[in-house]
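Me: I would like to work through this structure with you by question and answer, taking its parts in turn.

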Amino acid sequence: MCAAREPAFVIVTGMSGAGRSTAAKALEDLGWFVIDNLPPGLLFSLAEEAGRVKLAADKVAAVVDVRSLAFTSDLNAAIGELDGRGIGFRVVFLEASDEELVRRFENVRRPHPLQGDGRLVDGIARERGILREVRANADLIIDTSSLNVHELRNKIVSFFGGEDRPGLKVNVVSFGYKYGLPVDADLVVDCRFLPNPHWVPELRPMSGLDASVREYVLGQIGAKEFLDAYEEVFGVVAAGYAREGKSYATLAVGCTGGKHRSVAMAEQIGTRLRDRGMEVQVSHRDVGRE
């Protein structure tokens, strides 16, 4: 991570149409010095210059994309140089599902930058292949498939709006297994071992945010024991993340539909982690989806 004398330095990249421009604008609104569409080969020069002179802000972000044919090799080389020279940085990767990216490109009536004479889906597939290694090595992955521009901005503000505050920032998100795992999850908790309120007629229309459902879920055999054990386990994991310099973690809490058990348990996990002094944001991906 960045030393105290260095400006914070972030590289924002990811899939075309996944929200890089929105993320860049959100960082600018937070007072970051942002350069959009920077060639990867200039990343080291930017970071070095930011450390040498006093910019308008002490937090610098560079947005890079795949329009350079040598993107992967250039970016990997630039990251290697930053790392080798001891310059602290983070890589933020934005992505979305193929279906959502197609919808976004069709809405703005623009071709994908890599589709050439092929179809839109061909360009998306090609870009995803080029970015595979970059995504694997990213410090923070944000899936924007179900986010609008305001929600993405709020997520960026949550992650970067308080860089001076110590401690791990945790995003706890409930989800339904029948809708798929959150692709940006670092850890996954499965709550399907608890009885499902869906089969209780008076609880079925409610969600885990309602007191009746919460009391039902937390009153089941094993619920408290699980929360106690997981709180302790995550405390160990969080300490390890801190030693490794990881500042953000996404904890996914799942049940069948993402409406009852996972919601109630996610709220409880969030409360317990806050009581441990962690900065926690709780969201519910699939509530209202049925």
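**Strand partners, cores and cysteines**

In this predicted model, V170 stands opposite A249 in β8.

Me: Over how many bridges do strand β6 and strand β8 pair?
Reply: V170 and A249 of β8 face one another, and G176 likewise stands opposite C255 in β8. Strand β6 covers residues 169–176 and strand β8 covers residues 248–255, and the two pair in the parallel sense over 8 bridges.

Me: Which residue of β8 does L187 stand opposite?
Reply: β8 also pairs with β7, in the parallel sense and over 4 bridges. Within β8, the residue that stands opposite L187 is L251.

Me: In what order do the 4 strands of the open sheet with parallel pairing lie?
Reply: The edge strands are β7 (187–190) and β9 (279–284), each of which pairs on one side only. From one strand to the next the twist averages 20°. With parallel pairing throughout this open sheet, the order of the 4 strands is β7-β8-β6-β9.

Me: Which helix packs on this sheet with its direction at about 170° to that of β9?
Reply: Helix α7 (residues 149–160) packs on the sheet and touches β6, β8 and β9, but the angle given for α7 is with the direction of β6, at about 145°. Touching β6, β8 and β9 as well, the helix whose direction makes about 170° with that of β9 is α10 (residues 261–275).

Me: How many of the 8 residues of β8 are buried?
Reply: In a regular strand, side chains alternate between the two faces of the sheet. In β8, Y248, T250, A252 and G254 point one way while A249, L251, V253 and C255 point the other way, and all are buried. The strand is therefore largely enclosed by the rest of the structure, the number of buried residues being 8 of the 8.

Me: Is D286 buried or exposed?
Reply: D286 lies in the segment after β9, and, setting aside residues up to four places away in sequence, D286 touches S174, F175, G176, Y179, G257 and G258. The side chain of D286 also reaches the backbone nitrogen of G176 at 2.7 Å. Because the relative accessibility of D286 is 1%, and the cut-off is under 20%, D286 counts as buried.

Me: Why do C191 and C255 form no bond, and to how many disulfides does the count come?
Reply: C191 is buried with a relative accessible area of 0%, and C255 is buried with a relative accessible area of 2%. A disulfide requires the two sulfur atoms to be within 2.5 Å, whereas the sulfur of C191 is 6.8 Å from its closest cysteine sulfur, in C255, which is too far for a bond. Taken from C255, the closest cysteine sulfur is in C191, again at 6.8 Å and too far for a bond. The count of disulfides comes to 0.

Me: In what order do the 5 strands of the other open sheet lie?
Reply: β2 (33–35) and β5 (140–143) stand at the edges with a single partner strand each, so one side of each is left without a neighbour in the sheet. Neighbouring strands here are turned by 20° against each other on average, direction ignored. The pairing is parallel, and the order of the 5 strands is β2-β3-β1-β4-β5.

Me: Which residue of β5 does L94 stand opposite?
Reply: Strand β4 (residues 90–95) runs parallel to β5, to which 4 bridges join it. The residue of β5 that stands opposite L94 is I142.

Me: What angle does the direction of α7 make with that of β5?
Reply: On this sheet α7 packs by touching β1 (8–14), β4 and β5. The angle between the direction of α7 and that of β5 is about 160°.

Me: How many residues has the largest nonpolar core?
Reply: Those with the most contacts inside this core are F9, L43 and F160. Leaving aside neighbours within four places in sequence, L43 is in contact with F9, I11, L38, A62, V64, L75, A78 and L82. A second, separate core of 27 residues includes V200, V213, L227 and V282. The number of residues in the largest nonpolar core is 50.

Terms used: Residues numbered from 1 in each chain as written. Predicted model: local features only at pLDDT ≥ 70, side-chain atom pairs only at ≥ 80, totals over all residues. Heavy atoms only, no water. Pairing = 2+ DSSP bridges. Axes fitted to C-alpha atoms, helices over the stretch in contact; angles between N-to-C directions. Contact = heavy atoms within 4.5 Å. Buried < 20%, exposed > 50% of the residue type's maximum accessible area, 1.4 Å probe, protein only. Polar contact = N/O pair within 3.5 Å; in protein donor to acceptor, adjacent residues only side chain to side chain. Core = buried A, V, L, I, M, F, W, Y, C linked by side-chain atoms within 4.5 Å.
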